[in-house]
Each structure stands twice: as C-alpha cells, then as structure tokens.
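Reader: I would like a close look at one part of this model, chosen for its charged side chains. Please go through it step by step, then place it in the rest of the chain.

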Amino acid sequence: MTRTLATAALLTPCLILAAQPAEATTHETTPVAANRAATIEPVAQGFINAVQVYPFADGAIYHVITAIERVTDIALQPGETLVAVASGDTVRWVIGDTTSGSGADKRTHVLIKPFSAGLSTNLVITTDRRSYHVALTATAKTAMAALSWTYPQDALIALKRAAAATEAVAPVAAGIEVEQLHFNYAVSGDRPVWRPFRAFDDGRQTFIEFPATLAVGEAPPIFLVDGKGDTQLVNYRVKGRFYVVDRIFDVAELRLGTKHQQIVRINRVAGGAPTRRGS
C-alpha cells in the first residue's frame with residue numbers, strides 16, 4: 001500500500017506538468033540552458049604558469065574550481081577598484097579581498113576558500129569598470145591557484161586611441177612645399193563656432209582649416225557654387241581638423257541647419273593677395 005501511494009504521489013506532479021502549456025516548461029529550462037551556454041570552463045591552454053587567464057566578455061560566467069584547505073586568488077585588472085562582492089552562500093565559503101602593488105599598478109585580489117567539498121555557489125564581483133559573474137565549485141583536493149582576465153575590448157579602445165593620436169599629429173598632406181601653397185581665399189558669411197580659419201590649395205587639392213571643436217560638434221557639408229549660383233554637394237575627406245577637397249574651386253559654401261541655416265562662404269581671390277585668416 002505504501003508503494004502504491006508513493007507511486008501515485010510521484011505520478012501526480014508528472015500529470016500536472018503534462019497538463020501545463022509547453023511555454024511554462026520552456027520558461028523554466030531557459031535560464032538553465034542560458035547559464036550553461038554562457039559558462040566558460042578552465043582549459044589547459046588557458047594557464048600561464050598556475051594562473052588560468054580568461055578573456056573577459058560581458059554576461060559570461062567563469063567557472064572556478066576550489067578545494068578545501070586551499071585559497072583561490074581571483075585577480076582583477078590593475079587599477080580597477082572593487083565596489084562589492086556578493087555570494088549565494090556566505091556561510092560555507094570564506095570570501096575576502098586584499099590588494100597588491102601601488103599607484104597605477106595596484107591590484108585587487110578576491111580570495112575564496114570553501115569549508116567542505118561538494119559545495120557550489122555563485123559569486124558576483126562589481127568594480128568601477130565592470131561586473132564579473134563566477135560559478136564556484138568545491139572539490140576535496142584539486143583547486144585553481146589563481147585566475148585573471150585579459151580585456152580584448154580595452155585593448156581595442158587603446159589601439160583606436162593610439163591611432164587617433166597618431167592621426168591628429170600627422171600632417172594634413174605629405175610632400176608639399178610651403179612655396180606651392182596658395183592662400184588667396186576669403187572666408188565670409190555667418191560666424192558659427194565651426195567657422196573655418198582659412199582655406200588654401202596646393203594646385204591640386206583645396207584644404208579648409210577648422211577650429212579643433214569641429215571634432216566634437218556637428219560638421220557642415222560643403223557645396224560648390226557655379227557661376228549661375230547653383231550649388232552642388234562635393235565629396236571631401238576629413239583629416240583631423242581639415243577638410244580636403246580633391247579639386248580647386250572658385251566659390252564654395254558650408255551650410256548647416258534647416259530652419260535657421262548657417263552659411264559660411266569661401267571665395268578664391270584669383271590673382272589677389274594671399275589671405276591667411278578668415279575675414
């Protein structure tokens with residue numbers, strides 16, 4: 001009789017689950033599948049000496065293997081400031097933090113040690129730069145001594161900044177002698193914050209020099225004006241704070257806005273005295 005009741009009791013939840021819509025079952029299993037897919041396991045080729053080095057990615061879960069009577073060191077990025085550490089189980093795990101180094105090289109270390117084998121929990125580490133999600137498991141003997149991360153996104157940003165800095169100090173054009181430049185251009189019209197300082201050409205290209213604020217504000221397109229007053233949008237390149245137009249023009253206009261349009265006119269003064277600043 002006991003077995004019959006137990007069997008019936010076991011069958012009852014199954015019948016209830018079977019009667020529920022498929023969406024409910026899918027909803028329950030989705031977090032499990034998502035967490036499993038997002039978990040990054042330690043791999044042999046990821047170790048540098050005894051340190052497992054993970055590539056950091058937002059939303060990833062990093063599996064950390066610990067052991068009783070062993071401390072595992074989670075090292076953050078140098079210069080990164082720890083905000084908080086939260087664990088799903090604070091009773092059976094010892095969790096602390098310390099620092100090493102000083103100045104820009106100062107580094108925070110989160111130290112983990114389980115009380116017994118067979119435990120598992122999660123850890124969320126928040127800093128002034130990012131959040132880390134860690135899955136902890138405890139074994140009887142085997143533990144990861146330490147782990148840290150590489151930061152591909154930071155490396156990409158650093159490369160972009162270095163490229164931008166190199167471009168900023170690069171000459172607007174190479175192989176041009178000062179004697180080849182013609183500054184006989186007059187700048188007139190409205191006086192917006194982006195109004196160019198001057199324009200000049202080397203006989204092939206026209207260069208329009210703007211204030212440095214051009215990089216942080218809205219930039220005006222340039223139109224060529226023919227003898228009849230008709231305008232035509234012209235292609236140009238931006239080199240730092242210069243527009244480079246691959247032709248010589250007599251009249252051009254920089255226009256920005258629709259309802260209250262700002263217009264700056266650039267005229268080439270044929271045979272006139274060189275003009276080095278906008279007037």
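**A charged network and its sheet**

Author: Salt bridges link R198, E209 and R241 in a network. A salt bridge is counted when a side-chain nitrogen of Lys or Arg lies within 4 Å of a carboxyl oxygen of Asp or Glu. Side chains of opposite charge can pair when their charged atoms come close. The model is a predicted one, in which local features need pLDDT of at least 70 and side-chain atom pairs count only at pLDDT 80 or more, while totals for chains, interfaces and linings use all residues. Residues are numbered from 1 along each chain as its sequence is written, and side-chain values use heavy atoms, with hydrogens and water left out.

Two members of the network are also partners in the backbone pairing: R198 has E209 in β14 as its bridge partner. Strands are DSSP runs (E, at least two residues), as are helices (H or I, at least four), and both are numbered from the N terminus. β13 and β14 run antiparallel and are joined by four bridges; two strands count as paired if DSSP finds at least two bridges between them. Together β13 and β14 make a hairpin with four residues between them, and in its turn G203 has a positive phi of about 95°.

The hairpin belongs to an open sheet of four strands, with antiparallel pairing and the order β13-β14-β18-β17. β13 (198-201) and β17 (237-239) are the edge strands, each with a single partner, so one side of each has no neighbour in the sheet. On average, neighbouring strands here are turned by 25° against each other, direction ignored. The angle is taken between axes, which are lines fitted to C-alpha atoms (for helices over the stretch in contact), on a scale from 0 to 180 degrees between N-to-C directions. Inside the sheet, β14 (206-209) pairs with β18 in the antiparallel sense over four bridges, and T206 has V245 of β18 as its bridge partner. In a regular strand the side chains alternate between the two faces of the sheet.

The count of salt bridges comes to nine. One of them joins R130 and E80, whose closest N and O atoms are 3.0 Å apart. R130 is in the loop between β9 and β10, and E80 is in the loop between β5 (72-75) and β6 (82-87), so this pair ties together parts 50 residues apart in sequence. R130 is buried at 10% relative accessible area, and E80 is buried at 3%. Buried means under 20% relative accessible area, exposed over 50%, and partly exposed in between, with a 1.4 Å probe and protein chains only.

D250 and R268 also meet in a salt bridge, at 2.6 Å from N to O. D250 sits in the loop between β18 (242-245) and β19 (251-256), whereas R268 belongs to β20 (262-268), and the two are 18 residues apart. Both ends are partly exposed: D250 has a relative accessibility of 46% and R268 one of 30%. A further bridge runs between R265 and E253, 2.5 Å from N to O. R265 is in β20 and E253 in β19, so parts twelve residues apart in sequence are tied together. Here R265 is partly exposed at 29%, while E253 is buried at 8%.

Now the nonpolar side. A nonpolar core is a set of buried Ala, Val, Leu, Ile, Met, Phe, Trp, Tyr and Cys residues joined through side-chain atoms within 4.5 Å. The largest core has 21 residues, of which I74, L123 and W149 touch the most other members. Two or more residues each come from β4 (61-67), β8 (107-114), β9 (120-127), β10 (131-139) and β11 (146-150), and β10 gives the largest share, four residues. Another core, of 18 residues, lies apart from it and includes Y185, V187, F210 and I222.

As for the whole, the protein chain has three helices and 20 strands. Of its 279 residues, 29% are buried. Contact means heavy atoms within 4.5 Å; among contacts between residues at least 6 apart in sequence, 63% join residues at least 24 apart.
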